Amino acid sequence: MSEGKTDSDEEEAAIGLRKIIHVDMDAFFASVEQRDHPELRGKPVAVGGSSGRGVVAAASYEARKFGVRSAMPSVTAKRKCPDLIFVKHRFEVYREVSNQIREIFLHYTPHVEPLSLDEAYLDVTEDIRGIGSATRIAELIRTAIREQTQLTASAGVSYNKFLAKLASDQNKPDGICVIRPGQGAAFVQSLPVRRFHGIGPKGAEKMARLGIETGADLAAKDADYLRQHFGSFGDYLYRAARGIDLRAVRANRIRKSIGGERTFSDDISDTDALRDTLERIIAIVWDRIAEKDARGRTVTLKLKYTDFQLTTRARSLPQPVADRQTFARLAREILEDELPLPMPIRLMGLTLSNLEREDDAEEERPRDDAQLSLL
Amino acid sequence: MKATIERAKLLRCLSHVQSVVERRNTIPILSNVLIEASADGLVKIMATDLDLQVVESLEAASVEDAGSITVSAHLLFDIARKLPDGTQVSLETADNRMVVKAGRARFQLPTLPRDDFPVIVEGDLPTSFEIPAELLAELIDRTRFAISTEETRYYLNGIFFHVADDDKPVLKAAATDGHRLARFTIDRPAGAEGMPDVIVPRKAVAELRKLLEESMDGNVQIDLSPSKIRFTLGGEGGVVLTSKLIDGTFPDYSRVIPTGNDKLLKVDPKSFFAGVDRVATIATEKTRAVKMGLDTDKVTLSVTSPDNGNAAEEVPADYRAEAMEIGFNANYLKDILAQIDSDTVELHLADAGAPTLIRKDESSPALYVLMPMRV
């Protein structure tokens with residue numbers, strides 16, 4: 001006879017109650033620049049190119065007050081904040097700092113999943129330093145980061161990745177937030193949906209049309225409804241609205257591709273506008289590629305037409321794309337081949353895939369990798 | 001609605017359906033079971049999680065008023081558990097409450113309207129066939145351990161069923177998590193020809209297996225379409241489990257089943273299991289690999305841990321091929337060995353980096369493939 005346990009209980013029990021920390025550096029690139037250039041402190045700073053096609057890679061908190069955001073065209077940023085100081089990025093320096101904070105994380109747990117140079121998930125369920133509490137570990141990490149890098153970080157502590165990430169965002173900058181077991185669903189439901197990872201301005205707009213403003217509104221919809229309106233993303237939303245996330249922290253996560261896309265407020269059909277848009281996306285995506293130091297062989301252009309039909313066109317090189325020129329050239333070639341477009345588009349995206357990481361060779365292979373894969 | 005049911009019957013039925021109900025639900029109606037009493041003396045009890053529903057029928061001692069209502073599944077189950085054995089339980093709706101009376105105990109439970117209870121729309125289920133319950137149970141036991149729990153590859157979160165024409169028409173069930181694969185083959189039941197490929201989700205498999213435990217005699221009727229599957233089990237009144245199928249494509253797993261592995265190791269699965277289990281004692285989570293050194297008619301199992309020292313054990317075996325070394329995840333190996341109910345198990349090996357085929361013998365319906373670890 002069954003003992004009244006549901007399968008999902010078993011599932012959770014199998015994973016056990018976890019302790020996950022999400023650490024996120026505050027305005028990372030901009031803060032590094034302000035640290036190294038005292039004259040920039042207290043001033044609105046944007047990292048990125050100020051020229052016509054440049055985009056903001058990161059903005060200091062002073063700049064954010066004016067509405068300057070990362071991935072914003074530099075021209076727009078300058079308009080919002082005329083005193084904005086543009087600084088050229090120094091990815092080698094950021095990478096160095098990133099390695100420093102990685103060392104700090106690894107002192108407390110081997111289970112570190114970096115998401116980018118400035119943020120990572122840590123699984124500290126196994127308390128290898130015997131500190132006794134995940135919150136305490138998060139505070140020790142924040143202190144160590146401040147002492148060793150003169151930079152601040154925010155941390156979220158919870159029992160899964162989704163909640164930890166929301167929590168780290170809660171009291172930014174230089175803050176910490178803890179979501180304890182049992183509080184996850186309530187916390188999520190009090191938030192505007194825009195805060196959920198994966199819901200952008202467009203997604204939020206669509207939800208607003210459906211009367212979904214907050215996590216609670218989302219939680220009131222059943223899985224079928226969400227699937228009907230959001231496709232496979234609906235399943236994610238269904239879980240997210242309940243604060244559920246069973247994903248493990250993966251120390252050896254291997255990126256398959258890197259890219260970015262933009263949905264436009266007005267559909268684009270004009271050829272020049274298409275070319276301009278492509279240049280902007282090239283700038284955004286190349287920044288990401290440079291930041292991650294990714295080497296990939298395939299460039300893919302993604303276009304979504306006004307009738308929501310999606311096309312992707314790819315071009316590969318025998319060797320990895322080595323520089324911005326090559327990347328831009330491939331992207332432009334693909335677009336030119338598609339012109340003229342049969343109808344206006346609502347979204348354009350670029351990805352670089354077939355990645356090989358430059359630091360693969362020197363990095364010691366994590367033990368998990370020892371298990372060979374069947375599929 | 002007013003019905004009187006023998007406590008043991010009610011308890012058994014609730015124990016079957018309540019495990020479908022998730023412990024934590026933000027949609028209140030999903031915490032409830034639907035109770036439907038009809039004038040002919042049958043009472044149907046139904047539970048759902050939107051992806052999976054179970055309906056069980058039982059014979060009431062009497063039905064005074066036909067009708068239906070929903071109440072908390074776990075509450076009613078806990079009440080039924082604590083009622084004295086042999087009592088008659090009366091369920092009666094009054095206003096928007098349900099009154100439960102048994103012996104001298106009396107409960108008033110809140111209810112939700114029957115019409116709010118979500119029922120899975122089965123649609124057309126054009127493929128119908130029967131499988132002996134005992135065989136279906138074995139099929140599940142032999143494959144379910146390999147089901148992936150990783151949600152990113154959701155299409156591996158279940159057992160894949162498909163028909164094929166090998167030497168004879170067969171129905172195959174396969175599960176894999178990308179590291180190991182389990183496959184069970186049976187003769188194709190009449191009616192299964194032309195069946196679409198389906199992936200039955202893990203929770204449905206688990207619930208079905210629990211239900212099978214109590215009705216091992218007789219056949220299970222299976223009806224399915226590309227999106228839904230229904231299992232009808234005998235037993236008193238009968239139980240019907242309906243589940244949505246995983247909407248995805250199971251990878252072509254047949255290509256990872258090795259066919260040319262020419263090094264054959266035959267060993268007693270029980271002593272082999274015990275040996276693996278013993279040497280793995282010192283394996284820490286990080287290094288759970290166990291190394292197998294194969295030499296003429298013996299296997300040397302060994303584990304080396306940087307923290308815990310090392311262990312070795314020699315197991316007598318039947319082996320004539322050239323000496324080799326290969327490593328496996330001890331738990332994966334044990335999972336598979338535990339499936340072999342025989343005095344010998346065959347391991348067909350190629351080399352330390354290639355998939356290994358494991359089976360009882362050539363005629364065994366179950367077949368396993370295990371990917372090694374680098375050691």
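## Annotated site in chain A

D118(A) touches V23(A), D24(A), M25(A) and F28(A), leaving out residues up to four places away in sequence. The model is predicted. D118(A) sits in a loop of chain A, between β5 (112-116) and β6 (119-123). Its relative accessibility is 15%, so D118(A) counts as buried; the cut-off for buried is under 20%.

D118(A) shares a record entry with D24(A): the UniProt annotation "binding site", from an unreviewed entry, covers both residues. They span 95 residues in sequence, yet their C-alpha atoms are no more than 5.9 Å apart, so they gather at one spot. D24(A) belongs to strand β1 (residues 20-25) of chain A. At 13% relative accessibility, D24(A) is also classed as buried. Contacts of D24(A), not counting residues up to four places away in sequence, are D118(A), E119(A), A153(A), S154(A), S168(A) and K172(A). The contact between the two annotated residues thus appears in the list for D24(A) and in the list for D118(A).

## Aromatic residues and charges in chain A

F28(A), a contact of D118(A), is also part of an aromatic cluster. The other members of that cluster are F29(A), F91(A) and Y94(A).

Two charged side chains of chain A sit over rings. The charged end of R64(A) lies over the ring of Y61(A), at 4.7 Å from the ring centre. For K221(A), the ring is that of Y225(A), and the distance to the centre is 4.9 Å.

## V124(A), a buried loop residue

V124(A) is found in the loop between β6 and α6 (134-149) of chain A. Is V124(A) buried or exposed? Its relative accessibility is 2%, so V124(A) counts as buried.

T109(A) is 15 residues from V124(A) in sequence. In space, the C-alpha atoms of V124(A) and T109(A) are 6.0 Å apart. With neighbours within four places in sequence set aside, V124(A) is in contact with K19(A), I21(A), T109(A), A134(A) and I137(A).

## Chain B overall

Chain B has six helices and 26 strands. Of its 375 residues, 55% are buried. Among contacts in chain B with a separation of 6 or more, 67% are between residues 24 or more positions apart.

## The largest nonpolar core

Nonpolar side chains tend to be buried together in soluble globular proteins. Here, the largest nonpolar core holds 105 residues. Which residues touch the most other members? They are F272(B) and M292(B).

The contacts of M292(B), leaving aside neighbours within four places in sequence, include its fellow core residue F272(B). Also in contact with M292(B) are L265(B), V299(B), T300(B), L301(B), M324(B), E325(B), I326(B), F328(B), L333(B) and L347(B). That list includes a threonine, T300(B), and a glutamate, E325(B).

## N329(B) and a contact across chains

N329(B) is placed in strand β23 (residues 324-329) of chain B. M324(B), one of the contacts of M292(B), falls within the residue range of that strand. N329(B) counts as buried because its relative accessibility is 2%.

Which residues does N329(B) contact, once neighbours within four places in sequence are left aside? They are Q371(A), R288(B) and M373(B). Q371(A) belongs to chain A, and N329(B) to chain B.

## Aromatic pairs in chain B

A search of the whole structure gives 14 aromatic pairs over all chains. One of them joins F160(B) and Y253(B): the ring centres are 6.3 Å apart and the planes meet at 80 degrees, so the pair is edge-to-face. The pair links distant parts of the chain, with the two positions 93 residues apart. F160(B) lies in strand β11 (residues 158-165) of chain B, and Y253(B) in the loop between β17 (239-244) and β18 (263-267). F160(B) and Y253(B) are both buried.

Y253(B) also pairs with F250(B), again edge-to-face. Their centres are 6.2 Å apart, with 80 degrees between the planes. F250(B) is buried, as is Y253(B).

## Cysteines

How many disulfides are there over all chains? The count is zero. In chain A, C81(A) has a relative accessible area of 1% and is buried. In chain B, C13(B) counts as buried, at 1% relative accessibility.

Note on methods. Residues numbered from 1 in each chain as written. Chains lettered and ligands numbered in written order. Predicted model: local features only at pLDDT ≥ 70, side-chain atom pairs only at ≥ 80, totals over all residues. Heavy atoms only, no water. Core = buried A, V, L, I, M, F, W, Y, C linked by side-chain atoms within 4.5 Å. Buried < 20%, exposed > 50% of the residue type's maximum accessible area, 1.4 Å probe, protein only. Contact = heavy atoms within 4.5 Å. UniProt positions renumbered as here; feature names shortened; annotations may be inferred. Helix = DSSP H or I, 4+ residues; strand = E, 2+ residues; numbered from the N terminus. Disulfide = S-S within 2.5 Å. Phe/Tyr/Trp six-rings, centres within 6.5 Å; stacked < 30°, edge-to-face > 60°. Lys NZ or Arg CZ within 6 Å of the ring centre and 35° of its normal.
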